[in-house]
Amino acid sequence: MKWEYGVLEKGDHIRVSRNYYYHHGIYLGNNEVIHYTAENNDGIANPSDVKVRKTSLDFFASNSPVEKAIYSRKEKKNRNLVETIISNAFSHLGEGAYNFVNNNCEHFVNKCCYKISPKTQIEGYREKIARIFKK
């Protein structure tokens, strides 16, 4: 999957950089996003406060530029229809059970957007570490 800055469309898988990781969400249109977050910030410092919430795009971005996913032909086949993505996202509103490793913002977006979830950034890190220790 590639990422670019551009005009956001309803149902876009979006992300912003948070220094050491990317924070992911689903753009709803009208400058609104559904994503895992605490009331005042992404909430990694206090995971028990993190829930799936609808917020403004400004809150989601937190002064960082927003990128949207750009799909290859193969990736487009794995992507749900926009209506399904939005419906899936709303069905998770208020959900807790956030876990930085096993149930984070990227996992949430993948569940909503894709028929089969692509590899997450955490899984990519695990593979890199495994390769390092195999050497």
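## Asking how we know: a tutorial on one chain

From the N terminus on, the elements of this chain run β-β-β-β-β-α-β-α-α-α-α. That gives 5 helices and 6 strands, in a model that is predicted.

Student: What makes the strands a sheet, and in which order do they lie?

Tutor: Two strands count as paired if there are at least two bridges between them. Take β2 (residues 13-17) and β3: 5 bridges join these strands, which run antiparallel, so β2 and β3 meet the cut-off of at least two. One place to look is Ser17, whose bridge partner in β3 is Tyr22. Across the sheet, the 6 strands follow the order β1-β6-β2-β3-β4-β5, with antiparallel pairing.

Student: Why are β1 and β5 called edge strands?

Tutor: Each of them, β1 (2-4) and β5, pairs on one side only. The sheet is an open one. From one strand to the next, the twist averages 40 degrees.

Student: How do you know which way the buried residues of α3 point?

Tutor: Start with the residues themselves: in helix α3 (residues 82-91), Ile85, Ile86 and Ala89 are buried. Seen down the axis of α3, the buried residues fall within an arc of 95 degrees, so they line one face of the helix. The face turned away from that buried side carries Glu83 and Ser91, which are exposed.

Student: What do the buried residues of α3 pack against?

Tutor: Their packing partners are β3 (22-29), β4 (32-37), β5 (51-56) and α4 (105-113). For a single example, leave aside the neighbours of Ala89 within four places in sequence: Ala89 is then in contact with Ile26, Ile34, Val52, Phe108 and Cys112.

Student: How do α3 and α4 lie on the sheet?

Tutor: Helix α3 lies across β3, β4 and β5, and runs at about 115 degrees to β3. Helix α4 lies across β2, β3, β4 and β5, at about 40 degrees to β3.

Student: What makes a group of residues a nonpolar core?

Tutor: Its members are buried residues of certain kinds, Ala, Ile, Phe, Tyr and Cys among them, joined through side-chain atoms within 4.5 Å. The largest such core here has 19 residues, of which Ile26, Ile34, Tyr36, Ala89, Phe108 and Cys113 touch the most other members. At least two residues of this core come from each of β3, β4, α3 and α4, and α4 gives the most, with 5 residues. Apart from this core lies another, of 9 residues, including Ile14, Tyr27, Leu57 and Phe60.

Student: How do you know that Cys112 is buried?

Tutor: The cut-off for buried is under 20% relative accessible area. Cys112 has 0%, so Cys112 is buried. Cys113 also has a relative accessible area of 0%, and therefore counts as buried. Over the 135 residues of the chain, 43% count as buried.

Student: Why is there no disulfide between Cys112 and Cys113?

Tutor: A disulfide needs two cysteine sulfur atoms within 2.5 Å. The sulfur of Cys113 is 6.3 Å from its closest cysteine sulfur, in Cys112, so the two are too far apart for a bond. The structure holds 0 disulfides.

Student: How many of the chain's contacts join residues at least 24 apart in sequence?

Tutor: Among contacts between residues at least 6 apart in sequence, 58% join residues at least 24 apart.

Note on methods:
Residues are numbered from 1 along each chain as its sequence is written. This is a predicted model: local features need pLDDT of at least 70, side-chain atom pairs count only at pLDDT 80 or more; totals for chains, interfaces and linings use all residues. Side-chain values use heavy atoms; hydrogens and water are left out. Buried means under 20% relative accessible area, exposed over 50%, partly exposed in between (1.4 Å probe, protein chains only). Helices (H or I, at least four residues) and strands (E, at least two) are DSSP runs, numbered from the N terminus. The arc is that of the directions from the helix axis to the C-beta atoms. Contact means heavy atoms within 4.5 Å. Axes are lines fitted to C-alpha atoms, for helices over the stretch in contact, and angles run from 0 to 180 degrees between N-to-C directions.
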